[in-house]
Amino acid sequence: MTSPTPDPDLSHIGPREKAEILAQALPYIRKFHGKTMVIKYGGNAMTDPALQQDFAEDVVLLKLVGMNPVVVHGGGPQIEAALGRLGKKGEFIQGMRVTDAETMEVVEWVLAGEVQQDIVGLINQAGGKAVGLTGRDGGLIRAQKLKMVDNKDPSVEHDVGQVGDIVSIDPSVVKALQDDAFIPVISPIGFGEHNESYNINADVVASKLAEVLKAEKLMLLTNTPGVLDKAGNLLTDLTARRIDELFADGTISGGMLPKIAGALDAAKAGVNAVHIIDGRVPHAMLLEILTDQAYGTMIRAR
Ligand SMILES: Nc1ncnc2c1ncn2[C@@H]1O[C@H](COP(=O)(O)OP(=O)(O)O)[C@@H](O)[C@H]1O
Ligand SMILES: CC(=O)N[C@@H](CCC(=O)OP(=O)(O)O)C(=O)O
């Protein structure tokens, strides 16, 4: 299914219509009370400070009305900027950053330092109680070196360095925080058998975590209205079969590859609703959860 991009600008509507939108939220608040919402906050969606603040306020609102938001953040552009300051340029293969030892240090420093702490600070300023974690904390994300097979020629294998493949997730630290009114903010870094660090794509972490936490929803906030076809139309609904076609004909590329693959895995594993939405739209996540209007692309197992 395709559709023109919906207009999410609410600034022109009057107080009566605004009240109606608020009233619409009640059944959703009731339905999703106590449910886990995994939110992937992409590095591309977090470049505007005003939008970052809106995002933090939305997360706090979800918590205050009784849901359990869990944030997994990215930071691709922020890592790229830090590498640039060292005179390095990132290289990507099939949406994954080739990660040598020096790049790994930068990734850890940028994700678990600057990016995570910015998000934690903004959520706390908005009245929430955010706690920053990496996959090392509480033994959350066990990983191993990713074996990357070429998606056109399976006989070719790419060496992407310290990129991690998730071996297992132990969600007990996340559950303990949730039960204690905290909002976990997770950096996508895993640890290996010999205590080595792995750089894991944040979409992959969010998708796997949604599965393990038996989340009600997985929302992947990015910098496009959703998945677009070759003509630039928004694809509002995607099934496994259609996704295979879009992979095969090259409609889906770059960072969208691990995003869709992870989203589909989560949908197949029983996460009720999996959405790719435009994080550049103010309050996109609230509109998605609390109104009748669907935004972005919904990924379905079948
Ligand atoms: N079919 C597609 N529809 C939309 N975006 C696509 C598509 N194929 C590739 N992309 C690219 O994927 C990007 C989103 O992935 P990524 O850069 O990893 O973002 P994020 O930082 O949010 O994870 C888009 O900005 C776009 O350049
Ligand atoms: C292996 C790999 O590619 N890791 C990503 C981790 C950050 C990420 O996923 O950030 P976005 O969600 O903003 O793209 C990277 O190094 O860029």
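Which residues of α6 are buried? Here are some friendly notes to help you find your way, starting with that helix.

1. Please keep in mind as you look around that this is a predicted model. The opening question has a long answer: Ala 202, Asp 203, Val 204, Val 205, Ala 206, Ser 207, Lys 208, Leu 209, Ala 210 and Glu 211 are the buried residues of α6. The helix spans residues 202-212 and is mostly covered, with ten of its eleven residues buried. After α6 comes Lys 214, which has a positive phi, near 50°.

2. Strand β14 is a good place to go next. It covers residues 217-222, and six of the six are buried, so the strand is largely enclosed by the rest of the structure. In a regular strand, side chains alternate between the two faces of the sheet. For β14, Lys 217, Met 219 and Leu 221 lie on one side, Leu 218, Leu 220 and Thr 222 lie on the other, and both faces are covered.

3. Now look at the partners of β14. Strand β2 (residues 36-41) runs parallel to β14 and is joined to it by five bridges. In this pairing, Ile 39 is found opposite Met 219. Strand β18 (residues 273-278) also pairs with β14 in the parallel sense, over six bridges. There, Ile 277 of β18 stands opposite Leu 221.

4. Ligand 1 is surrounded by 19 residues, and the closest are Gly 42, Asn 44, Thr 222, Gly 255 and Met 256. Two elements give two or more residues to this shell: β15 (227-228) and α8 (256-268). Sorted by class, the shell holds five nonpolar, twelve polar and two charged residues. One name here may be familiar: Thr 222, among the closest to ligand 1, is also one of the buried residues of β14.

5. Ligand 2 has 17 residues around it, of which Gly 43, Gly 74, Gly 76, Arg 97 and Ala 202 come nearest. At least two residues of the shell are supplied by each of α3 and β5 (96-97). By class, there are seven nonpolar, nine polar and one charged residues around ligand 2. Ala 202, one of the nearest to ligand 2, is among the buried residues of α6.

6. Finally, how do α3 and α4 pack? Helix α3 (residues 76-85) meets helix α4 (residues 101-125) at an angle of about 125°, and their axes are 9 Å apart. That angle makes α3 oblique to α4. The crossing of α3 past α4 is right-handed.

Terms used
Residues numbered from 1 in each chain as written. Chains lettered and ligands numbered in written order. Predicted model: local features only at pLDDT ≥ 70, side-chain atom pairs only at ≥ 80, totals over all residues. Near = placed C-beta within 6 Å. Helix = DSSP H or I, 4+ residues; strand = E, 2+ residues; numbered from the N terminus. Nonpolar A, V, L, I, M, F, W, Y, C, P; charged D, E, K, R; others polar. Buried ≥ 20, exposed ≤ 12 C-beta atoms within 10 Å, placed from the backbone. Pairing = 2+ DSSP bridges. Axes fitted to C-alpha atoms, helices over the stretch in contact; angles between N-to-C directions. Parallel < 35°, antiparallel > 145°, perpendicular 65-115°, else oblique. Left-handed = near helix turned anticlockwise from the far one by under 90°.
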